[in-house]
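Trainee: Could you take me through one part of this model in detail? I'd like a close look at the ligand site and whatever ties in with it.

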Amino acid sequence: MKSKIHINLKRVVDNSYDLVIGTSLKEAAGEILRLYPNRRKFVITDSHVKKLYGGKFLGALRRTGEEAHLLAVPAGERSKNRNTKGDLEDRLLKVRAGRDSLIIALGGGVVGDLAGFVAATLHRGIPFVQIPTSLLAQVDSSVGGKVAVDHPLGKNLIGAFYQPDRVFIDLSLLKTLSPREFRNGIAEVIKYAVILDAGLFKLLESSSPLVLARDNDILLKIVQRCCDLKRQIVEKDERELDLRRILNFGHTIGHALELLSNFRILHGEAVSIGMLAEARIAEWKGMMTHREVARLDRLLRQYGLPTAIPRRTDFGKLLLMTSRDKKSIDGDVRYTLPVAIGSAAAGVRLTAAQVRSLLQGGPS
Ligand SMILES: NC(=O)c1ccc[n+]([C@@H]2O[C@H](COP(=O)([O-])OP(=O)(O)OC[C@H]3O[C@@H](n4cnc5c(N)ncnc54)[C@H](O)[C@@H]3O)[C@@H](O)[C@H]2O)c1
Ligand SMILES: [Zn+2]
C-alpha cells in the first residue's frame, strides 16, 4: 500500500542585509554590541590580521565586560580547506559556541569565505557579521553570500549560499595591505569596470596615482561603486542561475591558473591574467575590438598587474582544470566574455580545443 505525505515548504525568505561603508573598527564593535547584546561573540581571523587588529577589535568588543573570543587560522589561501574548517569547528564547540553565538569574520576573502561557511553549518546555521579587511574582500566577497572552501580538484567546490547579517567596511584598514595585496584587489575592481561600468573604467584610467596612493576619497568612491554594482546583480540572481555568471569574467582561466600555481599566483593576479586571456578570446570571436582589448591590457599594467600566462604553464592541465570548473557543462566550458568596455555576455560555450588554439596562437 503506497501513501504520500506532501511536505509543503514553500516560503518567502528575506536575506536582506546592510553594508555599512566608511565606519571604523571601533564603531563596528560598538554596533555589534548594540545589535547582538545576548549573543556570545566569536571572531574568526587570520594570523596577519590578528597581529594588526585582533587585540584592538577584541578589546572594543569586551569593553562592556562581555565575553568575546578570537580564533585565528594561518594567513593565506591554503587555509581555505575542509581541515581548517573542521579545526575551527572543533575549537568553537570546545568553548561551547552554541546556537546563541555570533561569528564575526575579520579578514580578507579567505576568512570571509571560511568563517561564513563555518557559520552556515554550525548548529545548522548561526548568524555572522563580516568585517572585510582586504580591498578584494571589501569590493567583492562581502556582497552576495557565497561561502566556501577549496578542494584539490577546484576552488570553492564545497560551500553554500549564506548571507551575512551585516557588513562593516573600514577603509582605513587598507593602509596596512601590502602593495601586492592591494593590486590584487584592484583586479576585481577592473573586472567590474569591464563587465558593467565604462565610467568606472575611465576613472581608473585617469586616477591611478591617487588610487595607488590609497587616497581615502577615491577608495570610498570605488568601494561604494563596486559594492553597488554587485548588489544590483545579486539582487536579481542571488543563486547564480544566469545573470550573476557575468561576475565570472576572468575567473574561468583565472581559477585554473591559481590552482595550478598552488596559490603562488594570488586570486586577483590570476584574474588579471584570466581577464586579458578571455578578452583576447572575445576579440578572436569578433565580440570585442582590438582597441578595447589593448585598453584593458594597458589598464592592468598601469596598476602593476600581470597579464601574461606564465611561460611554463602546462596548457593541457590548465584546460583540464577549466573543464572541471563547476560551471562547465558536458566538458564544454562556459565563459563570460566582454563585448565592450562596460558590458559582457555570460554563457559563451567554448570547447577545450578551441580555447587551446586561441590561447596558443590565435584562431586556426
Ligand atoms: N565569496 C565571494 O563572493 C568571493 C568573491 C571574491 C573572492 N573570494 C575569495 O576571496 C579570497 C581572496 O581574498 P583576499 O585576496 O582578501 O585573500 P586573503 O584573505 O588571503 O587576504 C590576503 C592577504 O592580506 C592579508 N590582509 C588582509 N587584510 C589586511 C589588512 N587590512 N592589512 C594587512 N594585511 C591584510 C591577509 O592576512 C592575507 O595574507 C579567495 O579565496 C577568493 O576565492 C570570494
Ligand atoms: Zn574573484
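**Around the ligand**

Mentor: Sure, and keep in mind that this is a predicted model. Let's start with a contact: a polar side-chain atom of Glu77 sits 2.6 Å from an oxygen atom of ligand 1. His48 does something along those lines, with a polar side-chain atom 2.9 Å from an oxygen atom of ligand 1. Asp113 deals with a nitrogen atom of the ligand instead, and here the distance to an N or O atom in the Asp113 side chain is 3.0 Å. On its own, ligand 1 would expose 860 Å², and the protein buries 92% of that.

Now for the shell as a whole. There are 27 residues around ligand 1, and the ones that come nearest are Asp46, Glu77, Thr133, Ser134 and Thr176. So Glu77 turns up twice: it belongs to that nearest group, and its side chain has the 2.6 Å approach to a ligand oxygen. Sorted by class, the shell has eight nonpolar, 10 polar and nine charged residues. As for where they come from, the elements that give two or more residues are α2 (47-61), α4 (109-121), α5 (135-141), β7 (154-161) and α6 (179-196). Helix α2 gives the most, with four residues.

Stay with Glu77 for a moment, since its side chain also has a protein partner. The side chain of Lys155 makes a polar contact with the side chain of Glu77 at 3.0 Å. Lys155 has another carboxylate partner too: its side chain makes a polar contact with the side chain of Glu258, at 3.2 Å. You'll find Lys155 in strand β7, which is among the elements that give two or more residues to the shell. Is Lys155 buried or exposed? It counts as buried, because its relative accessibility is 7% and the cut-off for buried is under 20%.

Go one residue along β7 and you get to Asn156, which is in that strand as well. The backbone is worth a look here: phi of Asn156 is near 55°, a positive value in a residue other than glycine. Most residues other than glycine have a negative phi. Asn156 has a relative accessibility of 19%, so it counts as buried too, though you can see how little room that leaves under the 20% limit.

There's another backbone of that kind to check. His123 isn't a glycine, yet it has a positive phi of about 55°. Look for His123 in the loop between α4 and β5 (128-132); α4 is another of the elements that give two or more residues to the shell around ligand 1. His123 is partly exposed, because its relative accessible area is 30%, which falls between the 20% and 50% limits.

For contrast, finish with a spot on the surface. Ile5, Ile7 and Leu9 make a nonpolar surface patch of about 390 Å². Ile7 belongs to the segment before β1 (18-21), and it counts as exposed because its relative accessible area is 62%. Set that beside Lys155, buried at 7%, as you turn the model from the patch to the ligand site.

Terms used:
Residues are numbered from 1 along each chain as its sequence is written. Chains are lettered from A and ligands numbered from 1 in the order in which they are written. This is a predicted model: local features need pLDDT of at least 70, side-chain atom pairs count only at pLDDT 80 or more; totals for chains, interfaces and linings use all residues. Side-chain values use heavy atoms; hydrogens and water are left out. A residue is near a molecule or strand if one of its heavy atoms lies within 4 Å of it. A polar contact is a pair of N or O atoms within 3.5 Å; within protein, one must be able to donate a hydrogen and the other to accept it, and residues adjacent in sequence count only if both atoms are side-chain atoms. Accessible areas come from the Shrake-Rupley method with a 1.4 Å probe; for residues, only the protein chains shown count as cover. Ala, Val, Leu, Ile, Met, Phe, Trp, Tyr, Cys and Pro count as nonpolar, Asp, Glu, Lys and Arg as charged, and the others, Gly among them, as polar. Patches are made of residues with over 30% relative accessible area and no salt bridge: like charges are joined within 9 Å, nonpolar side chains (Val, Leu, Ile, Met, Phe, Trp, Tyr) within 5 Å. A salt bridge is a side-chain nitrogen of Lys or Arg within 4 Å of a carboxyl oxygen of Asp or Glu. Buried means under 20% relative accessible area, exposed over 50%, partly exposed in between (1.4 Å probe, protein chains only).
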